[in-house]
Amino acid sequence: MSSIKRFSIELGSGLAARSIAVEQRLGATPGLFWLNGFRSVMGGAKAKALDALGAERGLAVTRFDYSGHGASGGAFDDGTISRWLEEAEAVFATTAGPQIVCGSSMGGWIALLLARRQLARGTPLKGLVLIAPAVDATSTLIPARMSAKQQADFEQVGYFDRESAYGDGPYRYTAGLIADGANHSLFGSVIETGCPIHILQGGKDPDVPPAHAEKLLTHLLHDPATLTRIPDGDHRLSREEDLAVLRKAVLELV
């Protein structure tokens, strides 16, 4: 079994300084690179399943926690797509050889942004696996679900809280997160990744509905794209049967 290296990457300075915790399994390429969803951590079920797949097949696996999440430093309320994308790029720079990037929910959005930047650098990804990708969530999915009270809170104090459906406390959405997301909009023009893409979508996902994944497909005009819909699947897709679908999608790209 390959060994795991744990280290931190220091980013920013002053009030923007934060330490990003990384776990990297040594192994062959293509490497597997994991991007968590909003409020999720690298010890989650899907991230651990990906790491187990890497251990089994002798592949390198890289996981990390965004700032304000898990073992990383920084304040969660300072988090934005720009900030977390910067962290993803810094961690990605520690990998070697072709990579398959797997992103869940918000991590799927960041994965597409990372793929676009890698393509611009002339080093496209080996592939993308996107689980309920929450593309443009700050301008589409999040505002659409705001209640009148949440809208009032947002206007008065600059954030609103929404109780999690997964029993892990309220999720906070700040004005900084919402405003910054507009700088990374993908819908409205062709999305170029330079690699094959496999989207996994739960048919009973209340957070990122199936129509959102189907909309994403209409923007992927030049890259091979596959959508696998799991009819009874929820947003997290963390059941054993869901993880088996994830494993299959990754192995097809390997």
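Contact here means heavy atoms within 4.5 Å, a cut-off that will be needed when the tour reaches Leu 128 in this predicted model.

Begin by selecting strand S5, residues 99-104, where six of the six residues are buried. Colouring its two faces separately shows Gln 99, Val 101 and Gly 103 on one side and Ile 100, Cys 102 and Ser 104 on the other, with both faces covered.

Next, add the neighbouring strands. Strand S3, residues 28-35, runs parallel to S5 and is joined to it by five bridges; within this pairing, Phe 33 has Val 101 as its bridge partner in S5. Strand S6, residues 127-131, is likewise parallel to S5 and connected to it by five bridges, and here Gly 103 finds its bridge partner in Leu 130 of S6. To follow the chain from S5 to S6, select helix H3, residues 106-120, through which the path passes in a right-handed β-α-β crossover.

Now turn to the side chains. The largest nonpolar core comprises 51 residues, and those with the most contacts inside it are Leu 35, Phe 64, Val 101, Leu 128 and Leu 216; the element that gives the most to this core is H3, with eight residues.

Centre the view on Leu 128 and display its surroundings: leaving aside residues up to four places away in sequence, Leu 128 touches Val 101, Ala 111, Leu 112, Ala 115, Thr 193, Cys 195, Pro 196, Ile 197, His 198 and Leu 253.

As a last stop, select Leu 53, Val 61, Leu 237 and Val 250, which are among the 18 residues of another core, lying apart from the largest one.

Notes
Residues numbered from 1 in each chain as written. Predicted model: local features only at pLDDT ≥ 70, side-chain atom pairs only at ≥ 80, totals over all residues. Heavy atoms only, no water. Buried < 20%, exposed > 50% of the residue type's maximum accessible area, 1.4 Å probe, protein only. Helix = DSSP H or I, 4+ residues; strand = E, 2+ residues; numbered from the N terminus. Pairing = 2+ DSSP bridges. Right-handed = clockwise from strand over helix to strand, strands pointing away. Core = buried A, V, L, I, M, F, W, Y, C linked by side-chain atoms within 4.5 Å.
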